Amino acid sequence: MNSPAPPRSRAFARRRFYGYLFVAPVFLFLCAVVLFPLCHAFWTSLLRVRGLNSTFVGFANYARVLADDAFWHSLWLSFAFTAVAVSLHMVLGLALAMLLAELRTARTALRIAFLTPWMGAPAVGATIWLWLLEPQFGVVNYLLRFAHVISAPQAWLGEPATAFASIVAVDVWRGVPFVMLLMLAGLQTVPPEQYEAAAMDGASAWQRFRYVTWPNLRYLLVVASTLDAINTVRHYDIIGVMTAGGPAEATQVLPVLLYNTAFRGNRFGEAAAIGVLLLVVVLALSTFYIRVTRIGREETAR
């Protein structure tokens, strides 16, 4: 005959039940805004959608996407765009953070000024740059001609090379402040005693950076660059507003290809397949981020 559960076990089960009740609203919300759209996107990737008619085709959409040169071109562009943009984010963000850390006057005003591009909506910033880069009446062409850098107005978004460079520049303009903020917070954690000891040993500015600043910020730089890469590889707003993937598909990264396939080509099944493949890329970067942070916590615990 089974004996009744001890009072302590019943109390633990009751607390666990109440815990589930408290977590349930958040879990249901996440299912509604994350899990259900993901499942629906995956199901759509298995269908051939023509208007209101849908036909189950299995993995034919994935086969069609993977056999399309446009997908591989967009994948390469996504990696190139992410690599260049994230590298510039890290270098310029760290440089600005070190500059602000050394300043003693107007530090707050400069922080706000540098953070302004990041605080605005990406589409709004892209629209402003669309006006600035306008060939005939844009401010950029006027300033460059005034400085005798160029002799004639340039169609910055009309040529493949300059269009790609332009979207990278605008993304850097907007993305650097976030990295700068992270690096500035990291610099506050560097023990000042290490800088004092390096100064007493006669270390130069480069040696202080090489042997004091860099070792203390190395882990933060890896984490920040991984998070920045996750955000950049799925970025659409700036490119969608400025070039929509053109000219000649020179800026058609994966999110833009997804949009154009769905809403311009009306091939929603293939677009969903592209979205799932893009999710795989983001999950790979997220896995790397989780491993890096786990290793960092283990080293900190030691």
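**Views of a predicted chain of helices and one hairpin**

**Surface and charge of the whole chain.** The accessible surface of the chain comes to about 18700 Å², and 68% of that surface belongs to carbon and sulfur atoms. The model shown here is a predicted one, and this view takes in the chain from end to end. Of its 302 residues, 35% count as buried. The chain carries 23 positive and 15 negative charges, and the mean positions of these two sets are 14 Å apart.

**Overall dimensions and contacts of the chain.** Along the principal axes, the C-alpha trace of the chain spans about 95 × 65 × 30 Å. The radius of gyration of the chain is 25 Å, whereas a compact globule of 302 residues would have one near 19 Å. When contacts between residues at least 6 apart in sequence are considered, 65% of them join residues that are at least 24 apart.

**Order of the elements along the chain.** Twelve helices and two strands make up the elements of the chain. Read from the N terminus on, these elements follow the order α-β-β-α-α-α-α-α-α-α-α-α-α-α, with the two strands placed after one helix and before the others.

**Close-up of the hairpin formed by β1 and β2.** Strand β1, made of residues 47-50, pairs with strand β2, made of residues 53-56, in the antiparallel sense and over four bridges. Two positions show how the strands face one another: Arg-48 stands opposite Thr-55 in β2, and Val-49 stands opposite Ser-54 in β2. Two residues lie between the strands of this hairpin, in which Gly-51 takes a positive phi near 65°.

**Close-up of the two faces of strand β1.** The residues of β1 are divided between a covered face, which holds Leu-47 and Val-49, and an uncovered face, which holds Arg-48 and Arg-50. Val-49, on the covered face, is the residue that stands opposite Ser-54 in β2, while Arg-48, on the uncovered face, is the residue that stands opposite Thr-55 in β2.

**Close-up of Thr-189 in the loop between α7 and α8.** Thr-189 lies in the loop that links helix α7, residues 160-187, to helix α8, residues 192-200. Thr-189 counts as exposed because its relative accessibility is 59%, and the cut-off for that term is over 50%. Although Thr-189 and Leu-217 are 28 residues apart along the chain, their C-alpha atoms are separated by 9.1 Å.

Terms used
Residues are numbered from 1 along each chain as its sequence is written. This is a predicted model: local features need pLDDT of at least 70, side-chain atom pairs count only at pLDDT 80 or more; totals for chains, interfaces and linings use all residues. Side-chain values use heavy atoms; hydrogens and water are left out. The radius of gyration is taken over C-alpha atoms; the globule rule is 2.2 Å times the number of residues to the power 0.38. Buried means under 20% relative accessible area, exposed over 50%, partly exposed in between (1.4 Å probe, protein chains only). Contact means heavy atoms within 4.5 Å. Accessible areas come from the Shrake-Rupley method with a 1.4 Å probe; for residues, only the protein chains shown count as cover. Lys and Arg count as positive and Asp and Glu as negative; His and the chain ends are not counted. The place of a charge is taken as NZ of Lys, CZ of Arg, CG of Asp or CD of Glu. Two strands pair if DSSP finds at least two bridges between them.
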